[in-house]
Amino acid sequence: MAGATVDLPAGRLHVPQSGQQVTKLARYQFREYLRSRRFVALAGIVVAIGVIVTAIVAHFRGGLVASNLAFYGSFWGGGSPFVAVLAAVFFGGDAIAGEFQNKTGYFLMGLPLRRGTVYVGKFIAAYLAGVAMMLLFLVILVLNGVYYFGGSAFPWQLGISFVLALVYLSAVLGATFFFSSLFKTSAYGFVLTALLFIIGFTLLQDVVTGLVKIEPWMLISYADSAIGTIFASPVNWGLSGTITTSSMMVGRMHIVTTTYTAGIAEGVVIMIVYLLLAAIGGLLLFEREEFS
Amino acid sequence: MSPSLEARDLTKQFGRFTALNGLNLKIEGTKCVGFLGPNGAGKTTTLKLLTDMIFPTRGEAFINGVSSRRDRKRALGDAGVLIESPEIYSSLTPNEALGMVADLRGLPAADRRDRIRTVLGEVKMTEWADQKVGRFSKGMKQRINIAAALVHDPDVLILDEPSTGLDPRGMAEVRSIVRDLKKSQRLIFMSSHILSEVVDVCDEVALIDKGKLLFYDSLDNVTSRFADGHQSVDAMLARPVGADQVGQTVATLPGVSSATLLDPRRIRIKFTGGLAAQERLVEALVGLHLGVLQVTESESALEEIYLQQISRGD
Ligand SMILES: Nc1ncnc2c1ncn2[C@@H]1O[C@H](COP(=O)(O)OP(=O)(O)OP(=O)(O)O)[C@@H](O)[C@H]1O
Ligand SMILES: [Mg+2]
C-alpha cells in the first residue's frame, strides 16, 4: 500500500472498562438521536402539544389559571406522562430490535463489548433523548406560567413533579426496551408500548377499581398519577393511597364512585419496581439474544 | 504468544437442523487461512460462533486462548471482525464511525486520527471520510467495514467474504490489503468463495461442507495430496500462440500430460512429478522461446480439489 502506515506500538491497546464503554456508547448513541429525523419529529409534536395547551389556556382561562398549582396540575400532570410515553415509543421502540433488523448489530457485536454494555449504553442514550423532550414540554408550560403568574410561576411542587415524571419516563422506557428485545421486530416495540401505556393500563385500572374494588397498586397508570396529584393539597406523601368516595345522582340512579389516589412515595416505589422488572428482564433477554 | 483461533467440538443446531457439526480446528501463528465451502456449508455460522454473535449448542470457541462465550470482551479485544456486511449507522461519516470503533476499543486518543487516516487510505476511502455512510454504495460500505476491522491493528482478523460487493478493482485491493496484513504478524481467517483469492493470499485452507470439516492443511499439501499426482500451472505469454504450436511443443515436454490453450496468451499445463518436475518444466518452457512471462499455479488446482471433495459428500 502506498503512503506511510501508522502501526500501533504493541501492548498499548487497553480495552476500556465496561463502565467507560457504557458512557462512550451512550454518548455516541445520543448524538445519533440528536441528528435523527425522529428527534426533530417528536420535538415538533411536543411543540404542537405546547401550542394547543397555550391556545386552550388563553381561550378559556378561568379555572385553568386560577392558581399556578391548578395550571400545572392539569397540564403538566396530564401532559407530561403522555410526552414520556411518546418519547419511549420514539426512542426506545426499535432501540434493540433495530440492531437486528437493520444489521447494525453486526457492527457493534464485532467490538469487544459485553452485551450488557450495549443494552445499558443504548438505554441511557434513549433516556437522555426522552429527558430532552420532557424539558422542552416543561419550558413551554413554564413560559405560560410566567405569563399568567409572573414571579410565582415556579411552585416547589413543579420541581418534584418533574423528577416524578422522569422516573415515570424511565419505567416506560424500561418496558419499551423489554418489548424491543423480546421481539426482534421494531413494530412490536412501538405498538405494544403505545397501546399498553396510552390505553391498556388505564382500562386495567378501571377494571381493578371498578370491578375488583381494590387499590390498583400494581398498575403504573395508578403510580404516575402522583405526577399530577402532587399539585393538590394536602399532599399525601405516604406509601399507601387515599380512598375517596363520592356519590352523585344520575337521573334516579344513585352512583357511588370510589377513587384511589396514590401516595407520592407509593407512586415512586411502583414506578421503580416497573423499571427494574422491565429493564432487568429486557437485559436478561438481550444477554441470550443471538445475531443469527 | 502467537495469535490463535480454536474450535473445540463446536456444534450449532438451529432447531433440528445441524449447521455445524463437531468442528475441531486449531489455527495458530501468523498466516492467512482460507475458509472454503459451498453455500450453506456453515462458514458464517463458524465465524459467528468464534465471535460470540451466536451461541454454540455444544463445544467452545477461543480467540487467542480466551473463550468467546465466557469473556467476549477479552476475546474480541485483539480481534478485528467483519461478518455479514454490517450496516453502519447511516448518519455517521467514516471518520465518525471509525472514531467510535477506535474509542470503544481503547485506542489512545493521540493515535486515533493517524490510524483512521491510514486505514481509510488502505481501503481507498480517504476522499469520502466526511460524507455520511447512509448514501454510500454497498461496496463503499464494505470498504468502511474492512477499515473498521483494521483500525486497532489487531492480531487476529476474522473476515467473512470480505470482498463481497466490491468491484474487480476493490477485490484486488482487498487482496493486496490482506497480503500486506500478513506481513505484519497477524493471523487471518477468511471465508471466501473466490478460490483465486484464496490461492493468491492464503497459506492454508480449511474446507467444510454440510457443517463438517473436510480438511485443513497448507495450500501446497492440499494441492499435491488431492490432485491424483497431477499438478497444473498456467503459463502467461508475451505474444499469442496457436493451438498447433502448443500441441507440438509444450505438450511434448517430459512429464507433461496435457497442454491446453485457455486463450491465445495463456496455456494450462498438466504435469506429474511434483516440485522437481515443475522446476524442469519452467526451464523447458523458457527454452521454447514462446515469450513466457510467468508461470503460476493454476487456480483450477484448488478448484478441482474443491469440487471433488464437495461432490464426495453427495
Ligand atoms: N438463524 C438461522 N436459523 C436457521 N438456520 C440457519 C440460521 N442461520 C444459518 N442457518 C442455516 O445454517 C446453514 C449454514 O449457514 P451459514 O450461513 O453458516 O453458511 P455459509 O457457509 O456461510 O454459506 P454462504 O456461503 O452462503 O454464506 C445454512 O443451511 C443455513 O440455512
Ligand atoms: Mg456465509
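**Entry 1: a hairpin in chain B**

I began with a single residue pair: Ala259(B) has Ile269(B), in strand 13 of chain B, as its bridge partner. I note at the outset that the model is a predicted one. I then looked up the two strands around this pair. Strand 12 and strand 13 of chain B run antiparallel and are joined by six bridges. They form a hairpin, and two residues lie between them.

**Entry 2: the four-stranded sheet**

I next asked in which order the strands of this open sheet stand. The order of its four strands is 12-13-11-14 in chain B, and the pairing is antiparallel. At the edges I found strand 12 (256-263) and strand 14 (292-297) of chain B, each of which pairs on one side only. On average, neighbouring strands of this sheet are turned by 25° against each other, direction ignored.

I recorded how helix 10 of chain B, residues 274-287, is placed: this helix packs on the sheet and touches strand 11, strand 12, strand 13 (266-272) and strand 14 of chain B. The direction of helix 10 of chain B makes about 140° with that of strand 13 of chain B.

I then turned to strand 11 of chain B. Seven bridges pair strand 11 with strand 13 of chain B in the antiparallel sense. Within strand 13 of chain B, Phe271(B) is the residue opposite Gln231(B). Strand 11, residues 230-237, also pairs with strand 14 of chain B, again antiparallel, over five bridges. Here I noted that Asp234(B) faces Thr296(B) of strand 14 of chain B.

As background to such pairs, I keep in mind that side chains in a regular strand alternate between the two faces of the sheet.

**Entry 3: the six-stranded sheet**

Chain B also has an open sheet of six strands, in the order 6-7-8-3-9-10 and with mixed pairing. Why is one side of strand 6 and of strand 10 of chain B left without a neighbour in the sheet? Strand 6 and strand 10 (212-218) stand at the edges and each has a single partner strand, so one side of each lacks a neighbour there. Neighbouring strands of this sheet are turned by 10° against each other on average, direction ignored.

I checked one pairing in detail. Strand 3 (residues 32-36) and strand 8 (residues 187-191) of chain B are parallel and share four bridges. Ser191(B), in strand 8 of chain B, is the bridge partner of Phe35(B).

Two helices that pack on this sheet were looked up. Helix 1 of chain B, residues 43-50, touches strand 3, strand 7, strand 8 and strand 9 (204-209) of chain B, and its direction makes about 145° with that of strand 7 of chain B. Helix 6 of chain B touches strand 3, strand 7 and strand 8 of chain B, at about 155° to the direction of strand 8 of chain B.

**Entry 4: cavities**

I found six cavities of 30 Å³ or more in the structure. The largest has a volume of about 120 Å³. Its lining counts 13 residues, and those nearest the centre are Phe107(A), Leu111(A), Val81(B), Ala148(B) and Ala149(B). I asked which elements supply at least two residues each to this lining. They are helix 5 (105-109) of chain A, and strand 6 (79-82), helix 3 (94-105) and helix 5 (138-150) of chain B. Helix 5 of chain B gives the most, with three residues. By class, the lining of the largest cavity has ten nonpolar residues, two polar and one charged.

The second largest cavity holds about 50 Å³ of space. Among the residues that line it are Ile146(B), Leu157(B), Pro162(B) and Val174(B). Helix 5, strand 7 (156-160) and helix 6 (168-183) of chain B each give two or more residues to this lining. Helix 6 of chain B has the largest share, four residues. The lining of the second largest cavity has nine nonpolar residues, with no polar and no charged ones.

**Entry 5: the contact between the chains**

Finally I looked up the interface. How many residues of chain B are in contact with chain A? The count is 50 residues of chain B against 43 residues of chain A. The size of an interface is often given as the accessible area lost when the parts come together. Between chain B and chain A the buried area is about 4200 Å², and carbon and sulfur atoms give 57% of this area. On the chain B side, Lys73(B), Tyr89(B) and Leu104(B) lose the most area to chain A, together 20% of what that side buries.

Definitions and conventions
Residues are numbered from 1 along each chain as its sequence is written. Chains are lettered from A and ligands numbered from 1 in the order in which they are written. This is a predicted model: local features need pLDDT of at least 70, side-chain atom pairs count only at pLDDT 80 or more; totals for chains, interfaces and linings use all residues. Side-chain values use heavy atoms; hydrogens and water are left out. Two strands pair if DSSP finds at least two bridges between them. Axes are lines fitted to C-alpha atoms, for helices over the stretch in contact, and angles run from 0 to 180 degrees between N-to-C directions. Contact means heavy atoms within 4.5 Å. On a 1 Å grid over the protein atoms alone, a cavity is a set of points where a 1.4 Å probe fits but cannot get out, and a pocket is an open set with protein on both sides within 12 Å along at least five of seven lines; lining residues have an atom within 4 Å of a point. Grid points are joined across faces, edges and corners, and a volume is the space filled by probe spheres set on the points. Ala, Val, Leu, Ile, Met, Phe, Trp, Tyr, Cys and Pro count as nonpolar, Asp, Glu, Lys and Arg as charged, and the others, Gly among them, as polar. Buried area is the accessible area (1.4 Å probe) that two parts lose on being put together, summed over both.
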